[in-house]
Amino acid sequence: MTGAHRMPIFDAHFHIVDPRFPVTPNQGYVPPAFTVADYRERVRGLGVTGGAVVSGSFHGFDQSCLLDALSLLGPGFVGVTQLPATVTDDEITRLNDAGVRGIRFNIRRGGSESVDHLGTLARRVHDVAGWHTELYVDARALPELTGTIAALPAVSIDHLGLSAAGLPHLATLVDRGVRVKATGFGRVDFDVAPVLRAVADRNPHALMFGTDLPSTRAPRPFLDADVEIVTDALGPELAARVLHDNAAQFYRVR
């Protein structure tokens with residue numbers, strides 16, 4: 001991508017793995033280090049102006065790595081964390097003051113609170129701090145969660161829902177206002193471009209691009225060319241929304 005055609009990017013989904021802070025194996029997996037310095041170097045030249053650091057399954061409920069990353073990344077970057085149902089309102093407020101803007105439920109891999117607490121915890125963080133909820137879930141599992149998800153004030157689903165078989169269920173939630181992360185193109189089992197177009201046709205505000213760096217456990221890691229998939233599939237006006245504006249609005253970054 002040439003500089004003349006580069007659009008600003010709000011990276012709506014990436015992880016920081018800093019060995020200075022605790023990491024808990026998830027299903028036997030321990031991710032390699034990927035520090036703030038590593039991230040900055042990897043996205044140099046992509047036009048990243050801000051983004052959302054997402055706590056991975058391997059961080060559990062420990063906040064130390066996320067809060068350090070936010071302090072190093074500075075303005076324009078926010079956090080998405082995992083919390084237990086027992087979290088206090090004071091702790092939610094403290095994290096909000098540090099730049100956290102969402103809570104994540106990792107339904108696919110665990111490491112987060114049980115989905116049994118999805119409805120009550122998602123509503124509470126929204127009531128206390130205006131946070132939204134992010135779900136890492138195979139869209140094939142969405143029918144059993146649709147009622148709960150549709151009743152929540154603000155929700156996004158990671159990695160385009162992962163599976164072709166789940167796309168009709170994803171579409172149903174997009175029609176109800178759920179956002180979708182255009183991330184992890186190397187994780188899905190379908191051709192990305194037509195799915196991007198289909199979601200954007202249903203709701204031009206729904207899609208939010210992210211690099212998914214460092215692409216832990218992905219069959220194919222993020223490539224710079226993934227940005228071009230978005231721009232080629234959607235055209236300049238929609239691509240500008242997907243690469244930056246939709247997520248900046250959702251995460252309340254100006």
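How many of the 5 residues of strand E3 (residues 77–81) are buried? The structure shown here is a predicted model, and in it 5 of the 5 residues of E3 are buried, so the strand is largely enclosed by the rest of the structure. This strand is a convenient place to start, and the text then moves to its neighbours, to the salt bridges and to one residue in a loop.

In a regular strand the side chains alternate between the two faces of the sheet. In E3, Phe77, Gly79 and Thr81 point one way, while Val78 and Val80 point the other way. Residues of both groups are buried.

E3 is paired with two strands. Strand E2 (residues 48–54) runs parallel to E3 and is joined to it by 4 bridges. E3 also runs parallel to E4, with 3 bridges between them. Val80 can be followed into both pairings: Val80 is the bridge partner in E3 of Val54, and in E4 the bridge partner of Val80 is Gly102.

The connections between these strands pass through helices. E2, helix H2 (residues 64–73) and E3 form a β-α-β unit that is right-handed. A right-handed β-α-β unit is also made by E3, helix H3 (residues 89–97) and E4. E3 is thus a part of the unit with H2 and of the unit with H3.

Strand E4 leads on to the salt bridges, of which the count comes to 12. One of them is formed by Arg104 and Asp158, whose closest N and O atoms are 2.8 Å apart. This pair links distant parts of the chain: Arg104 belongs to strand E4 (residues 100–106), whereas Asp158 sits in the loop between strand E6 (155–157) and helix H6 (167–174), 54 residues apart. Both Arg104 and Asp158 are buried.

Another salt bridge joins Lys181 to Glu134, with 2.7 Å between the closest N and O atoms. Lys181 is in strand E7 (residues 179–182) and Glu134 in strand E5 (residues 132–136), so this pair ties together parts that are 47 residues apart in sequence. Lys181 and Glu134 are both buried.

Where does the salt bridge between Arg202 and Asp175 lie, and what parts of the chain does it link? The closest N and O atoms of Arg202 and Asp175 are 2.7 Å apart. Arg202 is in helix H7 (residues 192–202) and Asp175 in the loop between H6 and E7, so that distant parts of the chain, 27 residues apart, are linked. Arg202 is partly exposed because its relative accessible area is 46%, and Asp175 counts as partly exposed at 49%. Salt bridges can also share partners, and in this way Asp18, Arg20 and Asp68 are joined into one network.

Asp18 leads to the last stop, Phe34. Between Phe34 and Asp18 there are 6.1 Å in space, C-alpha to C-alpha, although the two are 16 residues apart in sequence. Phe34 is found in the loop between strand E1 (9–14) and helix H1 (36–43). Is this loop residue buried or exposed? Phe34 has a relative accessibility of 9% and therefore counts as buried, since the cut-off for buried is under 20%. Leaving aside residues up to four places away in sequence, Phe34 touches His15, Ile16, Val17, Tyr39, Arg42, Leu213 and Pro214.

Definitions and conventions
Residues numbered from 1 in each chain as written. Predicted model: local features only at pLDDT ≥ 70, side-chain atom pairs only at ≥ 80, totals over all residues. Heavy atoms only, no water. Buried < 20%, exposed > 50% of the residue type's maximum accessible area, 1.4 Å probe, protein only. Contact = heavy atoms within 4.5 Å. Salt bridge = Lys/Arg side-chain N within 4 Å of Asp/Glu carboxyl O. Pairing = 2+ DSSP bridges. Right-handed = clockwise from strand over helix to strand, strands pointing away.
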